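I opened this notebook to keep track of what I looked up, beginning with a sheet and then turning to pairs of rings.

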Amino acid sequence: MKKTQFSRLKLGAAPVVLGVALISTPAFAQDAEEGASSETIIVTGSRIASPNITSLPPVQTVTAENIQQSGAVNIQELLLENPAFGTPALSRTNSAFLTSGTGVATVDLRDLGSDRTLVLINNRRVVAGVPGTATVDLNIIPTQFVERVDVLTGGASSLYGSDAVGGVVNFIYKSDFEGFEAEGQYGITERGDSARIQTNLTFGGNFSDNRGNIMVHLGYSDEKGLLSRQRKNTFSDDVDRFAFITGDPADYGVSAGPFFSSFPPQGRFTVGDNFRPAGDYTFTFGPNGQLQPCFTTNGPTCNSQVLNSSGGVVVPGIGTGVGPNGFNRQFFRTLAVPVKRYLFAARGHYDITDDIRFVAEGTYAKTTASREIEPFALDVANIYPVTGRAPIETMVNGVAVLNPYVPAAIAAVATDVDGDGLRDMGFARRLTEVGTRNGSTARDTFRVVLGLEGGLFDDKFRWDVSYNYGRTTESQRSNGQVNVLNFANAMSAITDVDDLDGDGSRTDVVCASATARAQGCAPINIFGEGSISPEALNYIAAQQSFQTDIRQQVFTANLSGELFDLPAGPVGIAVGGEYRKESSSEDNDALTNAGLNAGNAIPDTAGSFNVKELYGEINIPVLADTAFFHSLNLRAAGRVSDYSTVGTVYSYSFGADWAPVEDIRFRGTFARAVRAPNVGELYQGPSQTFPTGLQDPCAGIGASGGGDLGTRCRADAGVSLNIAQNGTFTLNQADLQGISGFNSGNLDLFEETSDSYTLGVVITPRSIAALRNLTLSVDYYNIKIKDAIVAPPRQFILNQCYQQGNDQFCDLIQRRQIQAGSNSPGSLEFIDAPLVNGGRLKAEGIDVVAGYRTPVLNGSLSMRISYNHVLDGYVIPVPGAPKDPFAGEIGTARDRFTANLGYQEDKFGITFTGTYIGKSYEDDQFLAEYDLGPKDISIPAQFYLDTQMTYRPADAFEFFFGIDNLLDNKAPNILSGSPFNVTGADTAADVYDIFGRRYYAGVRLKF
């Protein structure tokens, strides 16, 4: 049978000369729109099907060969080597402490946020992997099934719709595959941990006299976790080892510890008035297991136990007030969470007629991940949040009965602090008996595309229609928290003199409440490590559950081709329409909803939206093959989108490319892009939080004076009452610690808008023999986002209300009107922070991509580099706030590059890949708290070197061996408390390598 016309159409494919890169070609070394082909194509960056089309916005490409050379198990780790990508919001190395999202892998172009990077598969949208967002989990991408990855930077909403603000990452799967390929790989670190296994199988072939083709991919990978105790630099809980000791930057890195946690397993107990130190008595259990008094001013004597380094067993410490003591949290913390993936992908087509083709593709991914961190640190305020005090007596039949577990020394000095007639006690305790806080997560993603495509008017136009359905579900189970209601019942214990439990004993201890006893209540003894009984543990334990369901449906229709001919060439157009519906839901367990598991209250969230869109694109060849104008093309695109939530929005772009001669091409674009609010930003219910470090603007205000600030403060009845009682508005420690608030979505949000500019040049000196294989592109980009969706900082809310008189922000503040336990009248009770369209962001810089290859001996040598220089980058969190620059800070170094050197001959190949991260600085806002300048603390430049060798004894077999982090670089230490310090890692684990040198080896078979 003759070949059908479909063989001329490569939907989503780059020009043929780019799709067949040399094995030694490195990641991101190629400019995807360069080259020429006689075949009709659609490139990333344009929707016009034409043999001559190029992308005006800069596009960099990763090929299948690049993926093989990297040994990457997850495509995220390879993409992050490209300097166009910023710090990922979610990865294996920064998600252990999150309540959801464990093990998710995301990308973030230009550090503008993952929700502003649009991820596509074969030019089509992908269902989100994180509830309430548009963020795609790259764990669902079958790495070895990818033909290439196109990375377009800059606004592209006019072509692809909402979310393409920072750019587009387009995964192109393999197609028309015939044969059988298998691959197996095993890797491990030099220290013998964090093993990684992956196996892949791809097979396919034609059928029905070559009218159809089907290909299938099966993949499995298992990345073992890495714990803090497996690395010397994070084994001990030196959380302040790299903090400021005196506030002098010269003291950065000076050790004054180690500083272990002040929540000891044996407990710390305080009685008396917490806010009159002279009346305080603090007790703990010493090395001999006996209760002993100590004072908070003596510090370490209250925390006299450490972890045995041989296995994490809590043993008595030295208890002398000096040296290591407390609880070593790091022993239990996770540096990299374990992730296991099962992947299925398939593509197929069948030519129904010579003019109509049926197409289908599907992806299924099952991802499991787990996390583990230290046992819960329980404070009395977790159980008794209003008073912050636990009653050590229980009122029974009008008589105060002492909890029989309370040591006599504590009972003797305890007093009634809150006026309820019962003696009170504060406590802090590490719940080692409950065990570590751990959780397991299972995510399932299913995606299917069904469609038809064909040609019109003797193949001058191409058309396609498709339906795209995707669904992600997640089930998470966690342990290690406590049921605070049950804990309070268990604390309210009495001696069973009346044999209330009917066991015949009148000396045992039971819960005072008959209702609680009927529900299985067991009394709890919190005094001393190991004192909690198994029965009490079973009663207070609170398992957490978290379920999500994310769905996406997309109907798309496109028509593209060449409208008519001009002297310089054909006018290309593309038009189309799309309907998309997104829905997302999050369901937490009842205790989590109510905040009754010793954590913050987290509501369930559910919502949906739909959007109807029309777009058009045109390419006009103005001049060709004339003096100074080898070619000149103009291009424009526009899209109108009607959202069920924000109404009608518009996006558009304009651009031109000019080649004065064949070897030099200049290009420039302007793009207006939009991002509509997602489900979480619109529908998230009030989620409670307890902010710290806030300064009340009314502090110190008297009965008169203070100008407008004083007038606004005194307008609150609670503040006036406080002033009447104290002479000036006075706050105590409980007031400062008792501030709460709720984060929430906002149904009144509207779309974000960005303007992006790119200007560049591409040089391909074909006419010079020695440079014929050189490609060089230099591009300038400038992306500005306004009306960004942000949560205003709570200190900003306070200042805007009281210092600026902005009633809109005053409505978010609630003060106590009367004395409430230990909290003063007029003190801040709630400061809410709903999302608003108030932020601004900017990213500006220069990209340089260069590549060269040349024959050497019996093979070929290739050299490639991708370099980025950040000129500017900042966030303005809300109108009126100062710029918060991120350019040059950790994770957004001013200079980054990835360079590759490779040699390939018939049977042997070797590649070296170097990744450079320039000198970076601490967060300027964080340093300002210490009265330091933005460049007083810096992190040295880092250079990582990877290598891989391949040997092919026969065409069907290839063996490979690789070493990542060949120089065994150690991750630089980052300040404790720094926003860049991933908890438990003492470094920016999502920026720098925490694994050290690691090896991998494998084999590939191809028939």
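Before I looked at how a helix crosses a sheet, I noted that axes are lines fitted to C-alpha atoms, and that angles run from 0 to 180 degrees between N-to-C directions. I also wrote down that this is a predicted model.

Entry on the sheet. I looked up the strand order and found that 3 strands form an open sheet with mixed pairing, in the order S36-S37-S42. Strand S36 (687-689) and strand S42 (833-834) stand at the edges with a single partner strand each, so one side of each has no neighbour in the sheet. I then followed S36 to strand S37 (residues 741-744), and the two pair in the antiparallel sense over 3 bridges; Thr689 has Gly741 in S37 as its bridge partner. Helix H16 (residues 794-802) lies across S36, S37 and S42, and I noted that the helix runs at about 105° to S37.

Entry on the rings. I found 23 aromatic pairs in the structure. One of them joins Phe555 and Tyr579, which are tilted, with 6.3 Å centre to centre and 40° between the planes. Phe555 belongs to strand S30 (residues 541-566) and Tyr579 to strand S31 (residues 569-588), 24 residues apart. I checked exposure too: Phe555 is partly exposed at a relative accessible area of 42%, and Tyr579 is partly exposed at 29% relative accessibility.

Entry on a cluster. I saw that ring pairs link Tyr652, Phe654, Phe670 and Tyr757 into a cluster.

Entry on charges over rings. I noted Arg110 over the face of Tyr781, 3.6 Å from the ring centre, and Arg1004 over the face of Phe960, 4.0 Å from the ring centre.

Note on methods: Residues are numbered from 1 along each chain as its sequence is written. This is a predicted model: local features need pLDDT of at least 70, side-chain atom pairs count only at pLDDT 80 or more; totals for chains, interfaces and linings use all residues. Side-chain values use heavy atoms; hydrogens and water are left out. Two strands pair if DSSP finds at least two bridges between them. Helices (H or I, at least four residues) and strands (E, at least two) are DSSP runs, numbered from the N terminus. Contact means heavy atoms within 4.5 Å. Rings of Phe, Tyr and Trp (its six-membered ring) pair if their centres lie within 6.5 Å; planes under 30 degrees apart count as stacked, over 60 as edge-to-face and the rest as tilted. Buried means under 20% relative accessible area, exposed over 50%, partly exposed in between (1.4 Å probe, protein chains only). A charge sits over a ring if NZ of Lys or CZ of Arg is within 6 Å of the ring centre and within 35 degrees of the ring normal.
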